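Trainee: Before I rely on the terms used for this protein, I would like to hear what each of them rests on. Could we go through them one at a time, setting each value against its cut-off?

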Amino acid sequence: MATTEGRPTVHTPHTFNSQTSRPVDYVWAVARISLGWVFLWAFLDKAFGWGFATPAARSWINGGSPTTGFLKGTGENALGGFFSSLAGQAWVDWLFMLGLLGIGAALITGAGMRIAAATGTLLLVFMWAAELPLANNPFMDEHLIYAVVLIGLALASAGNTLGIGTWWSRTAIVQKYPILK
């Protein structure tokens, strides 16, 4: 253990400057990229209507609303009145689509993991709340699981392995505003 100005300095094998990755870092990286693809695919399918969840006729580029299908279906749920009132509003559609794109891109590249984790968690908790009460479990569903994984990805610095997180962390803007890490 080294000392710096009389205080002990602890060196761990996985630090910001570390060039080696542990097997768990690759697991987190694969989870990051996979979850990023979930968000990015949702954006692409809703934007262009590639026929998986969104038919071409209801795609965003063809005048459809990416939020209407999900939010209108919440009308009978506990918070359905609030969420169904948001369905189809242009500002909600834009925020939702920009969120899907930004979160997906951040996760796939490994840059902006803190913001992706925070905004992704917020989006997922809203989607979870819109479905209350849940059909198959008193409170837990995939939205909350994904939110926990997002937080874990940010805490594990998952963008540093198989991503540009290390480089991104060293940029001047991130050095000035660490929340962008």
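Trainee: Why is Arg 22 called partly exposed?

Mentor: This is a predicted model, and in it Arg 22 has a relative accessibility of 40%. Buried means under 20% and exposed means over 50%, so Arg 22, at 40%, counts as partly exposed.

Trainee: What makes the contact of Asp 25 and Arg 22 a salt bridge?

Mentor: The side chains of Asp 25 and Arg 22 meet at 3.2 Å, N to O, and the cut-off for such a nitrogen and a carboxyl oxygen is within 4 Å, so the pair qualifies as a salt bridge. A search of the whole structure finds one salt bridge.

Trainee: Is Asp 25 buried or exposed, and how do you know?

Mentor: Asp 25 has a relative accessibility of 4%, and because buried means under 20%, Asp 25 counts as buried.

Trainee: How do you know that the length of helix H5 agrees with what a helix should span?

Mentor: Helix H5 covers residues 113-130, and at 1.5 Å a residue its 18 residues should span 26 Å, while its end C-alpha atoms are 25 Å apart, so the two values agree.

Trainee: Which residues of H5 are buried, and what do they pack against?

Mentor: The buried residues of H5 include Met 113, Gly 120, Leu 123, Leu 124 and Trp 128. The partners of the buried residues of H5 are helix H1 (23-48), helix H2 (68-72), helix H3 (80-86), helix H4 (90-109) and helix H6 (142-155).

Trainee: What makes up the largest nonpolar core?

Mentor: The largest nonpolar core has 22 residues, and those with the most contacts inside it are Phe 39, Leu 100, Leu 107, Leu 123, Leu 150 and Leu 153. Two or more residues of this core come from each of H1, H4, H5 and H6. A second, separate core has 11 residues, among them Val 92, Trp 128, Ala 130 and Leu 132.

Trainee: Which residues does Leu 153 touch, leaving out those up to four places away in sequence?

Mentor: With such neighbours left out, Leu 153 touches Trp 28, Ala 31, Arg 32, Leu 35, Leu 107, Met 113 and Ala 158.

Trainee: Why is Tyr 146 called partly exposed, and which surface patch does Tyr 146 belong to?

Mentor: Tyr 146, which lies in helix H6, has a relative accessible area of 31%, and since buried means under 20% and exposed over 50%, Tyr 146 is partly exposed. Together with Val 38, Phe 139, Met 140 and Ile 145, Tyr 146 forms a nonpolar patch on the surface, with about 420 Å² of accessible area together. Patches take residues with over 30% relative accessible area, and Tyr 146, at 31%, therefore meets that cut-off.

Trainee: What is notable about the backbone in the loops on either side of H6?

Mentor: In the loop between H5 and H6 lies Pro 133, and the peptide bond from Leu 132 to Pro 133 is cis, with omega near -10°. In the loop between H6 and helix H7 (165-169) lies Ser 157, which has a positive phi of about 50° although it is not a glycine. Leu 162, also found in the loop between H6 and H7, has a positive phi near 60° and is likewise a residue other than glycine.

Trainee: Why does Ser 157 count as partly exposed?

Mentor: Ser 157 has a relative accessibility of 25%, and because the partly exposed class lies between under 20% and over 50%, Ser 157 counts as partly exposed.

Note on methods. Residues are numbered from 1 along each chain as its sequence is written. This is a predicted model: local features need pLDDT of at least 70, side-chain atom pairs count only at pLDDT 80 or more; totals for chains, interfaces and linings use all residues. Side-chain values use heavy atoms; hydrogens and water are left out. Helices (H or I, at least four residues) and strands (E, at least two) are DSSP runs, numbered from the N terminus. The expected span of a helix is 1.5 Å times one less than its number of residues. Buried means under 20% relative accessible area, exposed over 50%, partly exposed in between (1.4 Å probe, protein chains only). Contact means heavy atoms within 4.5 Å. Patches are made of residues with over 30% relative accessible area and no salt bridge: like charges are joined within 9 Å, nonpolar side chains (Val, Leu, Ile, Met, Phe, Trp, Tyr) within 5 Å. Accessible areas come from the Shrake-Rupley method with a 1.4 Å probe; for residues, only the protein chains shown count as cover. A nonpolar core is a set of buried Ala, Val, Leu, Ile, Met, Phe, Trp, Tyr and Cys residues joined through side-chain atoms within 4.5 Å.
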